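Here is a short briefing for a first look at this structure. Cysteines come first, then the ligand and its surroundings.

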Amino acid sequence: MSQSYNEKKSKWEQQVKKANEKFPERKQPFLNKSEMEIDPLYLPEEESGYERYVEKLGFPGQYPYTRGIQPSMYRNRFWTMRQYAGFGSAKETNQRFRYLLDQGQTGLSVAFDLPTQIGYDSDDPMAEGEVGKVGVAIDSLEDMETLLDGIPLDQVSTSMTINAPASVLLCMYIAVAEKQGVPADKITGTIQNDILKEYIARGTYIYPPKPSMRIITNIFEFCAENAPKFNTISISGYHIREAGSTAVQEVAFTLANGMAYVDAAIESGLKVDQFAPRLAFFFNAHNHFFEEAAKFRAARRIWSKLMKEKYQAQDEKSWRLRFHTQTGGSTLTAQQPDNNIVRVALQALSAVMGGTQSLHTNSRDEALALPTEESARIALRTQQIIAHESGVADTVDPLAGSYYVEKLTDDIEQQVMEYIEKIDEMGGAVQAVEDGYMQREIHQAAYEAQKKIESKEDIIVGMNEFQTDDEVHADLLKVDEALEKEQVEGLQKIRQKRDQENVDQLLNELKTAAQDEKVNVMPHILDCVKAYATVGEICNVLRSEFGEYTGA
Ligand SMILES: C[C@H](C(=O)O)C(=O)SCCNC(=O)CCNC(=O)[C@H](O)C(C)(C)COP(=O)(O)OP(=O)(O)OC[C@H]1O[C@@H](n2cnc3c(N)ncnc32)[C@H](O)[C@@H]1OP(=O)(O)O
């Protein structure tokens, strides 16, 4: 047996012991329905396969992490079941959060309305008609207090899908935690904070790339010092895929964006191991089951090589690509919406086979509206059935060694690297975004995919084949139209109650801080938030200094 194989195997055994101390194995022993024992890990049987195994796959919890970032993965702890939710007022969303936690969800994920996402208050003319529509409306710290009321922030981790104003919402979260008696260094969660993919695919940007990258590196630095357990960014391929990219492009553009954040942070004077362990990722789980599972495995392997070899990161935590997955929203059909339950189950299974850390399963009615409570429950139950009934979580990386999956993993890696090298030659992801390169590649892929659907080369069940005349689902969620008025009234009350002079002074200090590139804006934003300055007011100060982006 080769030296290196043996060493790595015994290191893995030690790692498993340590993981078991943190999260004891869910079962002892793990048995299938015929009472056969299931091992934590299955390995190549032939000694001749060991070298290749160590180089390409490695042991789980070890470089290059092809088999997963934890030594025994879901035997110790399932992925976090984290359903993205939010609509209407903070009070309504708080009720939905409590409902989901009661139903066994294990983490929170906040959807904000569009005005919040682009830094406008609910009473701004730009917000009209959009308040509380696609997510919860948050104007001031008071809304955040209501949103998180009764949720113990030392126990529950919260993801917030917020990008351009991520700094503001993170500060609000910290302020609420402090009010609960939870110091910033104990909070856990993630802000999306990924502006590059907003320019490429999602659209909720405010400022131009350069100052946006500065705010992001300010957040990295601030969190490294003050909130070291918080994931500072969720570098997202999800939306790139939703915009029509291929699986290869999804990984390539996401990792290229990831490299741009690493470059920017290093350029600002941070050391790679100071911030890299808290970079997180977010991918899509689309329809092609094996391609998706292989995609996740390839993404992990590529990122770890980049971090270790290109960026010379020393801390093993910097090498691990940790990711959230959401099933593919654009794969859902408005026709025969219950079919979506089946699609979601298969997509979710690919994410679990690919070793995801956290998962959102879409609800069946999401091609039509925000999910009803019943639909959201079925979506969560889908994850619970995979976790508790299917047995796929009982051994690590069960697809490893499949000729097909390993070849797919290698091929995806190779094609992703070709893109990454090309983007590198263009001067990196920021340049490629500004030139519209990624946008064009995605549009071309989306066009090709649509042609295949229209020509029926690709069959979408119930949509371009096997249609029925069934009515669409009648029981859809509707957001109360009166909400906007109530939200605006609440905001005006806050403005009357707060110490306006103090707010003005703090906003002014933020303005001065923004003018000096060397100053970190985060402590100033935190002060503003604590004085009940609003999302819109804070973003307007930064708008006046940084300008607004108008597109590539
Ligand atoms: C479409 C829509 C839109 O466009 O609007 C959106 O964007 S929705 C977008 C919604 N986005 C999201 O919901 C993003 C969610 N992302 C995340 O939750 C994070 O970024 C994540 C992917 C890193 C997952 O974080 P998490 O806290 O849920 O899970 P982790 O895997 O980090 O586990 C929590 C802790 O348990 C430890 N842990 C976990 N599993 C094990 C194990 N088997 N053995 C030992 N330890 C373990 C971890 O190391 C960690 O501790 P330690 O930390 O100490 O190591």
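This predicted model has zero disulfides. A disulfide is a covalent bond between the sulfur atoms of two cysteines. Two cysteines show how the count comes out, and the ligand site follows.

**Cysteines**

- The closest cysteine sulfur to that of cysteine 223 belongs to cysteine 171. The two sulfurs are 8.5 Å apart, too far for a bond, because a disulfide needs them within 2.5 Å.
- Cysteine 223 is buried, and its relative accessible area is 2%.
- Cysteine 539 is in no disulfide either. Its nearest cysteine sulfur, in cysteine 528, is 11 Å away.
- Cysteine 539 is also buried, at a relative accessible area of 0%.

**Contacts with the ligand**

- Around the ligand there are 28 residues. Those that come nearest are Thr80, Arg82, Tyr84, Arg202 and His239.
- Histidine 239 places a polar side-chain atom 2.7 Å from a ligand oxygen atom.
- The side chain of threonine 190 has an N or O atom 2.8 Å from an oxygen atom of the ligand.
- For glutamine 70, a polar side-chain atom is 3.2 Å from an oxygen atom of the ligand.
- Taken alone, the ligand exposes 1,100 Å², and the protein buries 85% of that.

**The shell around the ligand**

- Elements giving two or more residues to the shell are helices H1 (3-22) and H9 (238-242), with strands S4 (158-161), S8 (279-285) and S9 (323-327).
- S9 gives the largest share, three residues.
- By type, the shell holds eight nonpolar, 14 polar and six charged residues.

Methods:
Residues numbered from 1 in each chain as written. Predicted model: local features only at pLDDT ≥ 70, side-chain atom pairs only at ≥ 80, totals over all residues. Heavy atoms only, no water. Near = heavy atom within 4 Å. Polar contact = N/O pair within 3.5 Å; in protein donor to acceptor, adjacent residues only side chain to side chain. Areas by Shrake-Rupley, 256 points an atom, 1.4 Å probe, with all protein chains shown as cover. Helix = DSSP H or I, 4+ residues; strand = E, 2+ residues; numbered from the N terminus. Nonpolar A, V, L, I, M, F, W, Y, C, P; charged D, E, K, R; others polar. Buried < 20%, exposed > 50% of the residue type's maximum accessible area, 1.4 Å probe, protein only.
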